[in-house]
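Reader: I would like to go through the labels attached to this model one at a time, and to hear the reasoning behind each of them.

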Amino acid sequence: MVSSVSLLSSTTLLTKWANQLSSQSGSVPRDSTWQCLCFRTQKRKPKLYLIPVRHFLSTPVDSISSSETASVYATSGLSEVQRSTPSNNVNEMKEFEMELQELFNEVKAMVKMGKERDAMDLLRANYVAVKEEIDSGLKGIEQAAVLDIIALGYMAVGDLKPVPALLDMINKIVDNLEDSEPLLDSVLMHAGSMYSAIGRFENAILANQRAVRILENRYGNCSTLLVSPLLGLAKSFASDGKATRAVGVYERTVTILERNRSSESDDLVVPLFSLGKLLLKEGKAAEAEIPFTRIINIYKKIYGEKDGRVGMAMCSLANAKCSKGDANEAVDIYKNALRIIKDSNYMALENSVLENIRIDLAELLHFVGRGDEGRELLEECLLINERFKGKNHPSMATHLINLAASYSRSKNYVEAERLLRTCLDIMEKSVGSEDQSITFPMLNLAVTLSQLNRDEEAEQIAIKVLRIRENAFGKDSLPVGEALDCLVSIQARLERDSGELLSLLKRVMMIQEKEFGPSAQELIVTLQKIIHFLDKLEMKDEKFKFRRRLALIKERYKQSLSF
């Protein structure tokens, strides 16, 4: 299925509204065009590329390969839990920990072989056994640890439904355990990670905070064993909207690693990258440059200036530069990064990450007015995809749409039409002619045909898009609003009934109000269009009401921009 996110903003610019709004009431000139309101955000979202490095795990759950069959393990693993409950014997606890690791490894191996049902049976068998122990009054760290591995197993299988209940059972047990219990820090870290995965960030924060406290009491405030729970805690803070606290935790993590390793250790990459990413998300692009630059310097020092990891880190810096407004500098960094990655053979040509880097750079080149260079990159993406996957592979659709958007920006609508029709042929063979994903290139094709003054044909395509999206998303959805707005623009050129067009625009307005609120900035262009038609229809009273509303929204956003 094709992604609904295109390289460039949807090429639905059918005219400049200033020409229409300044004109007198009357019929719309045949050679005029209208602007379609794009519901997608026009802000460029930063895309970051994480360089693979080793992670910090105090007790990994997947480091030991299993030698037992599932049927044997379902019983023998848990009988050992019973024998060691409660127990302070170090050797027994290590043996128990190995059995937990083997259980998780067994589940992962089954999933890898496509035996998800067997994995689920194994998890259920262990759950039944440990539940019997809990019901009989055994509620120690061993039971919590088994439930932890079972929950992790369900995560590995991809079935998240049992996870919340399992986490609640774990939570009830660990709440009554002393911090000195062995394995408790690992159970808490795993729980924190799973809580984050299911969106329960407050629980994740509490679990990670306790894990940090346990390790601080055991090893001190500057131990590298704190790194893993601190990273989990920072991520939970960030996900819960507590960015300032997350930044503080990331900075503490960096300090710990600097003291124990060095200021140029590649162990710093993960917290530095996470810190930069968070700062960028919070709109602090200038501050985000600092950690990204440090990562580049670390990799240059360890691996040399021509290593692919340096190029990957440069891409993150380029995104920070772009977000700050230094678009031309970002282009230069991006181009150098892409050259380094290619020359070092760090990634295969067809690698999806490398493909996204090319598309990001192409988008940026179009933004700074270097469309020809951007189009060359998009054509390169298309040729590479065709070479490795075939000219009729569904993945070709995204590249054809991106290239068509580029040609539309350069006003080569004939080539844009050819590319979009090729895209539609591929998608119809892949998903059928009624799938909602096909409506994205269809809508672009309708706009392109309108630019070629083939408005009747464009209208029929836009009507079909509207019907498919209404069936797929509902009549009050944003995709339907986009299709309606485009249809209005085309029908206005065809001088369709103004009253009907006004009704369609009011539908667009209601959809936007529902999605963005009654005073959203997205309403401004829609209200301008409504006022235009009210003027044509000489509906003065209603026109006054909408003009007043438009003025209030404009004033609101004018004030917000002045701060």
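Author: This is a predicted model, and a good place to begin is the second largest cavity, whose volume is about 60 Å³. The count of cavities of 30 Å³ or more comes to three.

Reader: What lines the second largest cavity, and which helices supply at least two residues of the lining?

Author: The lining consists of Leu349, Glu350, Glu355, Arg358, Cys381, Ile384, Asn385, Phe388 and Lys389. Helix H15 (352-367) and helix H16 (371-389) each supply at least two of the lining residues, and the largest share, five residues, comes from H16.

Reader: How do you know how many of these lining residues are nonpolar, polar and charged?

Author: Leu, Cys, Ile and Phe count as nonpolar, while Glu, Arg and Lys count as charged, and Asn falls among the others, which are polar. The lining therefore divides into four nonpolar, one polar and four charged residues.

Reader: Why is threonine 448 called buried?

Author: Buried means under 20% relative accessible area, and threonine 448 has a relative accessible area of 1%, so the label applies. This threonine 448 lies in helix H19 (residues 439-451), and, leaving aside its neighbours within four places in sequence, threonine 448 is in contact with Ser408, Tyr413, Ala416, Glu417 and Leu420. Of these, serine 408 is 40 residues away along the chain, with 7.4 Å between the two C-alpha atoms.

Reader: What makes tyrosine 299 and tyrosine 303 an aromatic pair, and why is the pair called tilted?

Author: The structure holds two aromatic pairs. In the pair formed by tyrosine 299 and tyrosine 303, the distance is 5.6 Å centre to centre, with 40° between the planes. Rings pair if their centres lie within 6.5 Å, and planes that are neither under 30 degrees nor over 60 degrees apart count as tilted, so both parts of the label follow. Both residues lie in helix H12 (residues 285-303), four residues apart, which is about one turn of the helix.

Reader: Is each of these two tyrosines buried or partly exposed, and how do you know?

Author: Tyrosine 299, at 1% relative accessibility, counts as buried because the cut-off is under 20%. Tyrosine 303 has a relative accessible area of 31%, which lies between 20% and 50%, so tyrosine 303 is partly exposed.

Reader: Which arginine lies over the face of tyrosine 303, and which over the face of tyrosine 407?

Author: Arginine 309 lies over the face of tyrosine 303, at 3.6 Å from the ring centre, and arginine 375 lies over the face of tyrosine 407, at 5.1 Å from the ring centre.

Note on methods. Residues numbered from 1 in each chain as written. Predicted model: local features only at pLDDT ≥ 70, side-chain atom pairs only at ≥ 80, totals over all residues. Heavy atoms only, no water. 1 Å grid on protein atoms, 1.4 Å probe; cavity = no way out; pocket = protein on both sides within 12 Å on 5 of 7 lines; lining within 4 Å. Points joined across faces, edges and corners; volume = space filled by probe spheres on them. Buried < 20%, exposed > 50% of the residue type's maximum accessible area, 1.4 Å probe, protein only. Contact = heavy atoms within 4.5 Å. Phe/Tyr/Trp six-rings, centres within 6.5 Å; stacked < 30°, edge-to-face > 60°. Lys NZ or Arg CZ within 6 Å of the ring centre and 35° of its normal.
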